[in-house]
Amino acid sequence: MRYLLFTLTIFVAAFLSCDRDEGLLLQRRYVNLEDSITASIFVNIARVVNEFDGRGDPLLNASVSVTNQLGMEVKDLSKVNFRLHHAYGDDTMCDENFKLSYEEENNPLAVVISMDYSGSMTDDDIFHMEEAVREFVRLLKPNDHVQIIKFSTEVMVMNSFTNDSTAIMNAIDHSPLTRTATAFYQSIYTGLNELRDLLTIGQHTFVPVVIAFTDGWDNVSNVGLRSLNQLSGQLQTPVYPVGLGNVDEYTMSYIAQMTGGRFFYTRQAEDVVDIFRMISQLMGSFYQLQFVVGKKAVTSGNVRLDVSVTYENNLG
């Protein structure tokens, strides 16, 4: 659930029309006989861009990523798979007048990667974390920009946003922190503020993202989850928490849900590289849902966005 600028609710589901009773048996709408892999689907609202139509009504463009359990894109959905509701307080209105398209992401990314150097991180953990971030950077497009943030008790911004791979790799290699406590929330909040500064100077073509890695529980930050989530909503920036080992899975999942990101977890440090590859795939292309929000929504001051997919696999 995300709190943004308007009030609406998005449901992505396999229903024929807005009049279909949710209790009725679902009809199979996604059928790809070549797909023997997909067993479940994950959905993220990566970003919502607010514009206005020709009459001055709010026009929203929601970028929605749809992947299977392996992080592979599900590309064969059509408008019939999507169900859209606008929610005004307790009132919910179904809307079939939306446009749907599938687009390769052309705008460059602005990615903050926060890296954990707390005392619980072993040398092996740090090796795999750094290698995963290097691999992620190698997969980026030439115009994508990256900023590295490292944290323990302190939070340090290692470089300005740049697409210079040499400068990014140098920032990854440089580790000046004393490995003590875990300022996980603070590192995300710092990254969001860095993104706000970037977007404020007119770099609105960037798609902002925060990837936040940790192996433990936050125990020293002076910022809370509420402030973190509010700033993420203001900036329309998803946070992708990546957890290794003994982490606060509930809180990290909550951060992902509230900001429109996705939580990834592993117990094995060597699997972190695969997680960062999966995140790279998530940022490659999106379904675009475009719809007009009535003026009644503008006065409400917040938005609840919920996305779900009902999927019947092809394995029988």
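Here is a walk through this predicted model, from the whole chain down to a few single residues.

Let's start with the overall numbers. The chain has 316 residues, and 55% of them count as buried. Its secondary structure consists of seven helices and 13 strands. If you take the contacts between residues at least 6 apart in sequence, 76% of them join residues at least 24 apart. As for the outside, the accessible surface comes to about 14,400 Å², and carbon and sulfur atoms account for 48% of that.

A good place to go next is strand S10, residues 207–214. Eight of its eight residues are buried, so the strand is largely enclosed by the rest of the structure. In a regular strand, side chains alternate between the two faces of the sheet. In S10, Val207, Val209, Ile211 and Phe213 point one way, while Pro208, Val210, Ala212 and Thr214 point the other way, and all are buried.

Which strands pair with S10? One is strand S7 (residues 109–116), which pairs with S10 in the parallel sense over six bridges. If you want a spot to look for on screen, find valine 111, which sits opposite valine 209 in S10. Another is strand S11 (residues 239–244), which also runs parallel to S10 and is joined to it by five bridges. Here you can pick out two pairs: alanine 212 stands opposite proline 241, and isoleucine 211 has tyrosine 240 as its bridge partner.

S11 itself is worth a look too. Six of its six residues are buried, so this strand is also largely enclosed by the rest of the structure. Val239, Pro241 and Gly243 point one way from S11, and Tyr240, Val242 and Leu244 point the other way; all are buried.

Now for the helices. Helix H4 covers residues 225–235, and its buried residues are Leu228, Asn229, Leu231, Ser232, Gly233 and Leu235. Just after H4 comes glutamine 236, with a positive phi of about 55°.

Helix H3 (residues 184–200) contains tyrosine 189. Is this tyrosine buried or partly exposed? With a relative accessible area of 24%, tyrosine 189 is partly exposed, because the buried class ends at 20%. Setting aside neighbours within four places in sequence, tyrosine 189 is in contact with Val223, Ser227, Leu228 and Leu231. Two of these contacts, Leu228 and Leu231, are among the buried residues of H4. You can also relate tyrosine 189 to S10: its C-alpha atom is 9.6 Å from that of valine 210, and the two residues are 21 apart along the chain.

Further along is helix H5 (residues 249–259), the home of threonine 251. Threonine 251 has a relative accessible area of 11%, which means it is buried. Its side chain makes a polar contact of 2.6 Å with the side chain of aspartate 248. Not counting residues up to four places away in sequence, threonine 251 touches Tyr185 and Leu225.

Finally, let's go to the surface. Ile37, Leu70 and Met72 make up a nonpolar surface patch of about 250 Å². Isoleucine 37 belongs to the loop between strand S1 (9–11) and strand S2 (41–52). At 39% relative accessibility, isoleucine 37 counts as partly exposed. That is enough for a place in the patch, because patch residues need over 30% relative accessible area.

How values were computed
Residues are numbered from 1 along each chain as its sequence is written. This is a predicted model: local features need pLDDT of at least 70, side-chain atom pairs count only at pLDDT 80 or more; totals for chains, interfaces and linings use all residues. Side-chain values use heavy atoms; hydrogens and water are left out. Patches are made of residues with over 30% relative accessible area and no salt bridge: like charges are joined within 9 Å, nonpolar side chains (Val, Leu, Ile, Met, Phe, Trp, Tyr) within 5 Å. Accessible areas come from the Shrake-Rupley method with a 1.4 Å probe; for residues, only the protein chains shown count as cover. A salt bridge is a side-chain nitrogen of Lys or Arg within 4 Å of a carboxyl oxygen of Asp or Glu. Helices (H or I, at least four residues) and strands (E, at least two) are DSSP runs, numbered from the N terminus. Buried means under 20% relative accessible area, exposed over 50%, partly exposed in between (1.4 Å probe, protein chains only). A polar contact is a pair of N or O atoms within 3.5 Å; within protein, one must be able to donate a hydrogen and the other to accept it, and residues adjacent in sequence count only if both atoms are side-chain atoms. Contact means heavy atoms within 4.5 Å. Two strands pair if DSSP finds at least two bridges between them.
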